[in-house]
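The exercises below are to be worked with the sequence and the model side by side. Each task is followed by its solution in steps.

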Amino acid sequence: MGELLRRLRKDAGLTGKELARRAGVAQPTISRIETGRLLPTVETVERLSAALQLDNDSRRELDTLLVRLRDEVSRLKGGLAGREAANAARVRSSKWLAVFSSSMIPALLQTAEYARLALAIGRDVYEDDAAKAAAVRVDAQAVLFEEGRRFAFVLTEGAVRTWPGSPSLMLAQLDRLAQVSTLPHVRLGVVPWKTETPAFPLHGFTIFDGSMSVVESLTGDLTLIEAAEIGAHEEAFEAFAGAAVYGDDLRALLGEIAADFRELAKQLDD
């Protein structure tokens, strides 16, 4: 929200003080919104929109972001489960998602057990909270079957091979990936480790409708809305998508990985 307001203000050629005077709000309010310390009320957004003389598209972008942020804030108060509900709301509000992951299976493709471990491992959380959050995460996957939506997932083979819990858990997860890859409006690809990487996969990200990219970090989500940042992520996504395998080739690769996990399970049992 702060980044968007700052960009709109600069596009209008206004200082923070000038915008505050035009909108009839205190100048510190503008500063706190732009630095992410204050989520504005609907009334404040209306005043700012009028002061900036926004066109319909810019006004819609500001209103949509405010709705998303307020929904997330209210849901985050519910712990891990609240955060997952907020993430699900963000997904439901989008028609087109492009997801790149270099470290783990994306949330929309995780089995229930994988999701529980992904939410709990390395974190100081209660087991019950992680289980509830995992249930919310899995329920949110229903969007994969809804008409009118499109999804593109690109994973590195390293993301597919990174296993929480046990090798046997991964067999169910690999089956899940194979099943999802057959859905008509889902495109799932994996970049084999034998393929030269087109770039260093420093982090994963999710692009929502080409208007926002979200990077999940250890301490929270980083939301990017600048055109240059989104463009860089789209370019990286296309580069990795071009190196990935799909369809029957993908399922053959998943079969090879599954065989390795079965062998690893035997070794661990000995």
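**Exercise 1. The strands and their order**

Task: Starting from the residue opposite Val 214 in β6, work out the pairing on this side of the sheet, then the order of the strands.

Solution. Val 214 has Thr 223 of β6 opposite it. The model is a predicted one, in which local features need pLDDT of at least 70 and side-chain atom pairs count only at pLDDT 80 or more, while totals for chains, interfaces and linings use all residues. Residues are numbered from 1 along each chain as its sequence is written, and side-chain values use heavy atoms, with hydrogens and water left out.

Helices (H or I, at least four residues) and strands (E, at least two) are DSSP runs numbered from the N terminus; two strands pair if DSSP finds at least two bridges between them.

Step 1. β5 pairs with β6 (residues 221-224) in the antiparallel sense, over four bridges. Ser 213 has Leu 224 as its bridge partner in β6.

Step 2. On the β4 side, three bridges join β4 to β5, and the two run antiparallel. Here Ser 213 of β5 stands opposite Ile 207.

Step 3. β1 (residues 96-101) and β2 are parallel and joined by six bridges; Val 99 has Phe 153 as its partner in β2. β2 also pairs with β3 (residues 186-191), again parallel and over six bridges, and Ala 152 is matched with Arg 187 of β3.

Step 4. The whole is an open sheet of six strands in the order β3-β2-β1-β4-β5-β6, with mixed pairing. β3 and β6 are the edge strands, each with a single partner, so one side of each has no neighbour in the sheet. From one strand to the next the twist averages 15°.

**Exercise 2. Enclosed strands and a crossing helix**

Task: State how many residues of β2 and of β5 are buried, and find which strands α11 lies across.

Solution. Buried means under 20% relative accessible area, exposed over 50%, and partly exposed in between (1.4 Å probe, protein chains only).

Step 1. In β2 (residues 150-156), six of the seven residues are buried, so the strand is largely enclosed by the rest of the structure.

Step 2. In β5, four of the five residues are buried, so β5 too is largely enclosed by the rest of the structure.

Step 3. Helix α11 (residues 227-243) lies across β1, β2, β3, β4, β5 and β6, and runs at about 110° to β4. Axes are lines fitted to C-alpha atoms, for helices over the stretch in contact, and angles run from 0 to 180 degrees between N-to-C directions.

**Exercise 3. Positive phi**

Task: Locate residues with positive phi, and say for Gln 53 and Asp 209 whether each is buried, partly exposed or exposed.

Solution.

Step 1. Gln 53, not a glycine, has a phi near 55°. This residue sits in the loop between α4 (42-52) and α5 (56-76), and its relative accessibility of 67% makes it exposed.

Step 2. Asp 209 lies in the loop between β4 (205-208) and β5 (212-216). β4 and β5 form a hairpin with three residues between them, and Asp 209 in the turn has a positive phi of about 55°. At 33% relative accessibility, Asp 209 is partly exposed.

Step 3. Two glycines can be added. Gly 220 has a positive phi near 150° in the hairpin of β5 and β6, which has four residues between the strands. Gly 13, just after α1, has a positive phi of about 75°.

**Exercise 4. Helix faces and helix packing**

Task: Describe the two faces of α1, then find how α10 and α12 are oriented to each other.

Solution.

Step 1. The buried residues of α1 (residues 2-11) are Gly 2, Leu 4, Leu 5, Leu 8 and Arg 9. Viewed down the axis of α1, they fall within an arc of 165° (taken from the directions from the helix axis to the C-beta atoms), so they line one face of the helix. Lys 10 and Asp 11 are exposed on the face turned away from the buried side.

Step 2. α10 (residues 167-180) and α12 (residues 247-269) pack at about 170°, their axes 9 Å apart. They are therefore roughly antiparallel, as angles over 145 degrees count as such, under 35 as roughly parallel, 65 to 115 as roughly perpendicular and the rest as oblique.

Step 3. Contact means heavy atoms within 4.5 Å. Among the contacting residues are Met 170 and Leu 174 of α10 and Leu 254 and Phe 261 of α12.
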